[in-house]
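Visitor: Could you pick out one part of this model and give me a close look at it, along with whatever surrounds it? I have time for the long version.

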Amino acid sequence: MDNVVPIRKALPCIEVVEACGEWFVRVVEEDQEMTRSFDLESFALSFAEGQRIRLHLDKIVRL
């Protein structure tokens, strides 16, 4: 276990991207990451906005 590297703390962020007709929302917190897919942009943006509020972030990044 001497070569175990601790997971670095990431800055929280919310990212929204469209690819191949699907919308993806990536939620990054300090110690975890989650990606959800949506068929409709409006659903993706609504989910992203809820996560932005939950994490007390100023903005959503659209890639």
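Guide: A quick word on labels: strands here are DSSP runs of E, at least two residues long, and they are numbered from the N terminus. Keep in mind, too, that this is a predicted model. With that settled, let's look at helix H1, and come at it by way of the sheet it sits on.

Start at the hairpin, where four residues join E2 to E3. These two strands, E2 at residues 22-28 and E3 at residues 33-38, pair in the antiparallel sense, with six bridges between them. One pair to find on screen is Trp 23 and its bridge partner in E3, Phe 38. Zoom out and you have an open sheet of four strands with mixed pairing, running in the order E3-E2-E1-E4. E3 and E4 (61-62) are the edge strands, so each of them pairs on one side only. E4's partner is E1 (residues 13-19), and those two pair in the parallel sense over two bridges. Glu 15 is the residue that stands opposite Val 61 in E4.

Now for the helix. H1 covers residues 41-54 and packs on that sheet, touching E1, E2, E3 and E4, with its direction at about 10 degrees to that of E2. Its 14 residues reach 20 Å from the first C-alpha to the last, close to the 20 Å expected at 1.5 Å a residue.

Which residues of H1 are buried? They are Ala 44, Phe 47, Ala 48, Gln 51 and Arg 52. Because these cover an arc of only 140 degrees around the axis, they end up on the same side of H1. That buried set packs against E1, E2 and E3. Go round to the other side of the helix and you'll meet exposed residues, namely Phe 43, Ser 46 and Ile 53.

Let's zoom in on Ala 44. Setting aside neighbours within four places in sequence, Ala 44 is in contact with Trp 23, Val 25 and Phe 38. So here's our bridged pair again: Trp 23 and Phe 38. Ala 44 and its three contacts also turn up in the largest nonpolar core, which has eleven residues. Others in that core include Ile 14, Val 16, Val 27, Phe 47 and Ala 48, along with Leu 55 and Leu 57. The elements giving two or more residues to this core are E1, E2 and H1.

One last stop, just past the helix: H1 is followed by His 56, which has a positive phi, near 60 degrees.

How values were computed: Residues are numbered from 1 along each chain as its sequence is written. This is a predicted model: local features need pLDDT of at least 70, side-chain atom pairs count only at pLDDT 80 or more; totals for chains, interfaces and linings use all residues. Side-chain values use heavy atoms; hydrogens and water are left out. Two strands pair if DSSP finds at least two bridges between them. Contact means heavy atoms within 4.5 Å. Axes are lines fitted to C-alpha atoms, for helices over the stretch in contact, and angles run from 0 to 180 degrees between N-to-C directions. The expected span of a helix is 1.5 Å times one less than its number of residues. Buried means under 20% relative accessible area, exposed over 50%, partly exposed in between (1.4 Å probe, protein chains only). The arc is that of the directions from the helix axis to the C-beta atoms. A nonpolar core is a set of buried Ala, Val, Leu, Ile, Met, Phe, Trp, Tyr and Cys residues joined through side-chain atoms within 4.5 Å.
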